[in-house]
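Colleague: I am new to this structure and should like to understand the terms used to describe it. Could you show it to me before I put my questions?

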Amino acid sequence: MKDFLSITDLSKEEIKEVWSMANKLKSNPYNELLKGKNILLLFEKPSTRTRVSFEVGINQMGGNPIYMDASTSQLSRGESIEDTGHTLERYVDMIVARVYRHEDLIKLAMNFSKPVINALSDLEHPAQILADYYTINEKFGKVEGLKLAFIGDGQNNVATSLILGAAILGVKIVIASPPKYQPKQAIIGLAEEIRKGTVEVTEDPIKAVSDADVVYTDVFTSMGQEKEKEERIKAFLPKYQVNDELLSKAPKHTLFMHCLPAHYGEEVTKEVIYGPKSIVFDQAENRLHVQKGLLLKMFKISLK
């Protein structure tokens, strides 16, 4: 494996290998395993957690993170992805890329001979989901056999990676969305190829949470979809908001997750984010530890 563009680029065994390294790095965060490694963060979209967690993680392991905003690079003036990739491979050892179009990520990886990590595209957010399932495993002591209910836009990048990750890890996932925003059949089909019976789709959020171990939501309007916001809000509210009333329909042990940033009063309420079921800030912290394990995995560096 050269690149990590999709959660499906890792097997179940490889995911657990990354998690094992994350466990060790969480208790012993500093080392020199990335000494001499120059890692470019090439971002087309805004970022808080992803940028900071990657930069801090690289620094903690002795590497050198270099942040480049695509809007201030020659990409913004029409330089091709092909030329950019072939040039950058002469300077840096890895690219961590956040892009608008997944097709551009694939093109970059094809024209850059070293590892590329997907730090979010319009199709997937695999680094996020790698850490999310780690967090679930940390809280429950397992992931296999658990049920995750995702409430909201079943077509967005987080939902897509959650679905595919569930299939790999043996998690049952139910997506509660309005018909227009339910997962694309190609994604459901791919998940079912990996593991039959992984995905359930419903329009009923109460049904979805009724036996869920984890309830997860994300923004209704993703970056790049701002022109659709009014239409989306009408489709999702009030039925698909995760609030105390909806969570009261879930089992007592159910935990709540959100990848952040949260839009209070839309997909979630502030009371839920700061409520007793919420693990969103543990989830955010674990981005740091899991991505450090991922970086080592991509460089084929073992952690003793």
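Modeller: What follows is a set of questions and answers on helix packing, salt bridges and burial.

Modeller: This is a predicted model, in which local features need pLDDT of at least 70 and side-chain atom pairs count only at pLDDT 80 or more, while totals for chains, interfaces and linings use all residues. Residues are numbered from 1 along each chain as its sequence is written, and side-chain values use heavy atoms, with hydrogens and water left out.

Colleague: Why are H1 and H12 called oblique to each other?

Modeller: Helices (H or I, at least four residues) and strands (E, at least two) are DSSP runs, numbered from the N terminus. Helix H1 covers residues 12–27 and helix H12 residues 280–298, and the two pack at an angle of about 120° with their axes 8 Å apart. Axes are lines fitted to C-alpha atoms, for helices over the stretch in contact, and angles run from 0 to 180 degrees between N-to-C directions. Angles under 35 degrees count as roughly parallel, over 145 as roughly antiparallel, 65 to 115 as roughly perpendicular and the rest as oblique. H1 and H12 are therefore oblique.

Colleague: Which residues make the contact of H1 with H12?

Modeller: On the H1 side they include Glu14, Glu17, Val18 and Met21, and on the H12 side they include Glu285, Asn286, His289 and Lys297; contact means heavy atoms within 4.5 Å. By class, this contact of H1 with H12 has 7 nonpolar, 3 polar and 6 charged residues. Here Ala, Val, Leu, Ile, Met, Phe, Trp, Tyr, Cys and Pro count as nonpolar, Asp, Glu, Lys and Arg as charged, and the others, Gly among them, as polar.

Colleague: What makes H1 and H5 roughly perpendicular?

Modeller: The axes of H1 and helix H5 (residues 126–140) come within 11 Å and cross at roughly 70°. That angle belongs to the class from 65 to 115 degrees, and H1 and H5 are therefore roughly perpendicular to each other. Among the residues in this contact are Ile15, Trp19 and Asn23 of H1 and Leu130, Tyr133 and Asn137 of H5. The residues of the contact of H1 with H5 divide into 7 nonpolar, 2 polar and 2 charged.

Colleague: What makes the pair Glu17 and Lys297 a salt bridge?

Modeller: A salt bridge is a side-chain nitrogen of Lys or Arg within 4 Å of a carboxyl oxygen of Asp or Glu. The side chains of Glu17 and Lys297 meet at 3.0 Å, N to O, which fits that limit. Glu17 lies in helix H1 and Lys297 in helix H12, so the pair ties together parts that are 280 residues apart in sequence. A search of the whole structure finds 16 salt bridges.

Colleague: Why is Lys297 called buried, and Glu17 partly exposed?

Modeller: Buried means under 20% relative accessible area, exposed over 50%, and partly exposed in between (1.4 Å probe, protein chains only). Lys297 has a relative accessible area of 16% and is therefore buried. Glu17, at 37%, therefore counts as partly exposed.

Colleague: How do you know that Lys147 and Asp211 form a salt bridge?

Modeller: Their closest N and O atoms are 3.1 Å apart. The pair links distant parts of the chain, 64 residues apart: Lys147 is in strand S5 (residues 147–151), and Asp211 is in the loop between helix H8 (205–209) and strand S8 (214–217). Lys147 counts as buried because its relative accessibility is 16%, whereas Asp211, at 42%, counts as partly exposed.

Colleague: What joins Lys147, Glu200, Lys207 and Asp211 into one network?

Modeller: Glu200 forms a salt bridge with Lys207, with the closest N and O atoms 3.7 Å apart. Glu200 is partly exposed at 29% relative accessibility, and Lys207 is partly exposed at 47%. Salt bridges that share partners join Lys147, Glu200, Lys207 and Asp211 into the network.

Colleague: Why does Asn286 count as buried?

Modeller: Asn286, placed in helix H12, has 0% relative accessibility and therefore counts as buried. Leaving aside neighbours within four places in sequence, Asn286 is in contact with Lys26, Ala131, Tyr134, Thr135 and Glu138. The C-alpha atoms of Asn286 and Asp132 are separated by 7.8 Å, although the two residues are 154 residues apart along the chain.
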